[in-house]
Amino acid sequence: MSKESYGSERLGLDVEYASRATLRGLGKEDGLFAYSVKNFGRFPAIAQRACYVTALAMRDAGLDYSKEQKQEIGLLGMDEYGCEKANMDYFQDYVDGGRSMARANLFIYTLPSSPLAEAAVHFGLQGPLYYYRRQDSKVDELISIARRMIEEGQADYVMVYELSDTMDRCHVVGVVD
């Protein structure tokens, strides 16, 4: 997913959205979610994008989900900036509030794992969740870790995320028979 389009590899999907839909409204406009994401409008852009790429990756992999269903799917994610932007937004809200209080709904995103946690909650993914800084890891390393997690029985599948300012990707790793 980029700022202009989204897609999926296996399904051969390439959809331009920027000229017709906002990031916030894209899920409803294009029917990307099986049901609405609670509090989606309050999510920062990175958490919204994490949910979108999760939906696209699950669809691409043929994995269904529902409100009632919990799945042993882990999440491994990396990005370039951690929660730097969220920390700046929270601090600015604190300053704007007279240095006495900032909004709690901004505080939760001061953790770099929060975007993945939002995706896990909505999609019912209850496997392990780990966050890595891009400087420390490469996607191939995370895919190797995901395979090891599956071999060790920690999860049935693992979603591996690459999040950045320009492009977000989610790879589904599973055992091939």
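**Cysteines.** I looked up Cys51 first and found it buried, with a relative accessible area of 0%. I then turned to Cys170, which is buried too, at 16%. The model is a predicted one. I asked how many disulfides there are. The count comes to zero. For reference, a disulfide is a covalent bond between the sulfur atoms of two cysteines.

**Cavity.** Next I looked for enclosed space. Rolling a probe the size of a water molecule over the atoms shows where empty space is left. The search of the whole structure gave me one cavity of 30 Å³ or more. I noted about 30 Å³ of space in the largest cavity. Which residues line the largest cavity? I listed Gly77, Met78, Asp79, Pro112, Pro115, Leu116, Tyr131 and Leu163. Strand S3 (73–79) and helix H5 (114–123) each give two or more residues to this lining. S3 gives the most, with three residues. I sorted the lining by type and got six nonpolar residues, one polar and one charged.

**Helix H5.** I followed H5 from the cavity lining. Is H5 mostly covered or mostly exposed? H5 is mostly covered, with eight of its ten residues buried. I wrote down the buried ones: Ser114, Pro115, Leu116, Glu118, Ala119, Ala120, His122 and Phe123. Pro115 and Leu116 are thus on two of my lists, as buried residues of H5 and as lining of the largest cavity. What do the buried residues of H5 pack against? I found helix H2 (45–61), S3, strand S4 (129–133) and strand S5 (157–163).

**After H5.** Last, I checked what follows the helix. Gly124 comes after H5, and its phi is positive, near 70 degrees.

Definitions and conventions:
Residues numbered from 1 in each chain as written. Predicted model: local features only at pLDDT ≥ 70, side-chain atom pairs only at ≥ 80, totals over all residues. Heavy atoms only, no water. Disulfide = S-S within 2.5 Å. Buried < 20%, exposed > 50% of the residue type's maximum accessible area, 1.4 Å probe, protein only. 1 Å grid on protein atoms, 1.4 Å probe; cavity = no way out; pocket = protein on both sides within 12 Å on 5 of 7 lines; lining within 4 Å. Points joined across faces, edges and corners; volume = space filled by probe spheres on them. Helix = DSSP H or I, 4+ residues; strand = E, 2+ residues; numbered from the N terminus. Nonpolar A, V, L, I, M, F, W, Y, C, P; charged D, E, K, R; others polar. Contact = heavy atoms within 4.5 Å.
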